[in-house]
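Reader: I would like a close look at one part of this model, the ligand site. Please take me through it step by step.

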Amino acid sequence: MHRYTELAAQSPIQKHERVAQAKREESMALRACGLIIFRRVTGAAASDIEFLLLQTSYGIHHWTPPKGHVDPGEDDMTTALRETEEEAGLQHNHFRIVDGFRKELNYNVNNKPKTVIYWLGELMDGSAQVKLSDEHQDYRWLRLQDACALVGYQDMQDTLKEAQHFLQGQTQP
Ligand SMILES: Nc1nc2c(ncn2[C@@H]2O[C@H](COP(=O)(O)OP(=O)(O)OP(=O)(O)OP(=O)(O)OC[C@H]3O[C@@H](n4cnc5c(=O)[nH]c(N)nc54)[C@H](O)[C@@H]3O)[C@@H](O)[C@H]2O)c(=O)[nH]1
């Protein structure tokens, strides 16, 4: 049974509102949130950073920072933290969220618009190990140029470049 029909049959009293809500949900963009996790390497220069990328174990095996779909009722940052822990095994006490950086990507997946929000997270606990879930088959820590080559998508490359540029304008904590 089509979802609209099913909903209408279940609750005749509020059927107009329920059908309208179902239509709103179906027309809404997919939404995902994640963290661009980076770590500082070798020392002084703000450009001495490596980004964490994960490779999916499904589909075209593309590479992205940890991220995933927003669950119903969940706020965006909670999603980003949850997905980072689920997909990379990194907990909130392993990194700090960098103030002032937030990037929104908009692209189509299967002809449906998708919005992805990324924040920046700096790995602070050098002993923390990446642990992948079944959703990913590989991970790498990469400098900007290599990270851009791996992600491929122009918008993601621009996001990583913006992130590094942003960090270069900051004093290190
Ligand atoms: N077997 C199988 N299962 C799948 C598949 N697909 C999903 N599953 C299941 O869903 C679960 C994932 O759940 P979450 O973790 O919550 O979601 P996300 O983290 O959001 O992950 P997604 O992979 O759904 O979403 P994207 O990364 O957005 O990739 C979608 C498409 O968008 C393109 N694309 C990607 N990144 C960029 C970008 O930066 N820029 C641009 N411009 N384009 C970009 C690219 O073309 C790509 O193909 C998995 O556990 C699977 O069970 C699949 O193909 N086969």
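Which atom of the ligand does a polar side-chain atom of Lys67 lie by, and at what distance?

Author: The partner is an oxygen atom of the ligand, and the distance to the polar side-chain atom of Lys67 is 2.6 Å. Keep in mind that this is a predicted model.

Lys67 does not act as the sole contact. Tyr58 also places a polar side-chain atom 2.5 Å from a ligand oxygen. Tyr153 joins in: an N or O atom of its side chain is 3.3 Å from an oxygen atom of the ligand. On its own the ligand has 960 Å² of accessible area, and the protein covers 65% of that.

Now the wider shell. It holds 19 residues around the ligand. Those that come nearest are Tyr58, His62, Lys67, Tyr107 and Lys114. By type, the shell divides into eight nonpolar, five polar and six charged residues.

Next, the elements behind it. Strand E4 (67-69) and strand E5 (95-109) each supply at least two shell residues. Helix H3 (76-88) and helix H5 (154-168) each do so as well. As for location, the ligand sits in the largest pocket.

Strand E5 has another link to follow. Side chains of opposite charge can pair when their charged atoms come close. Arg96 and Glu122 form a salt bridge through their side chains, at 3.0 Å from N to O. Arg96 belongs to strand E5 and Glu122 to strand E6 (residues 112-123), so this pair links distant parts of the chain, 26 residues apart. The whole structure has 12 salt bridges.

Methods: Residues numbered from 1 in each chain as written. Predicted model: local features only at pLDDT ≥ 70, side-chain atom pairs only at ≥ 80, totals over all residues. Heavy atoms only, no water. Near = heavy atom within 4 Å. Polar contact = N/O pair within 3.5 Å; in protein donor to acceptor, adjacent residues only side chain to side chain. Areas by Shrake-Rupley, 256 points an atom, 1.4 Å probe, with all protein chains shown as cover. 1 Å grid on protein atoms, 1.4 Å probe; cavity = no way out; pocket = protein on both sides within 12 Å on 5 of 7 lines; lining within 4 Å. Sits in = over half its atoms within 2 Å of the grid points. Helix = DSSP H or I, 4+ residues; strand = E, 2+ residues; numbered from the N terminus. Nonpolar A, V, L, I, M, F, W, Y, C, P; charged D, E, K, R; others polar. Salt bridge = Lys/Arg side-chain N within 4 Å of Asp/Glu carboxyl O.
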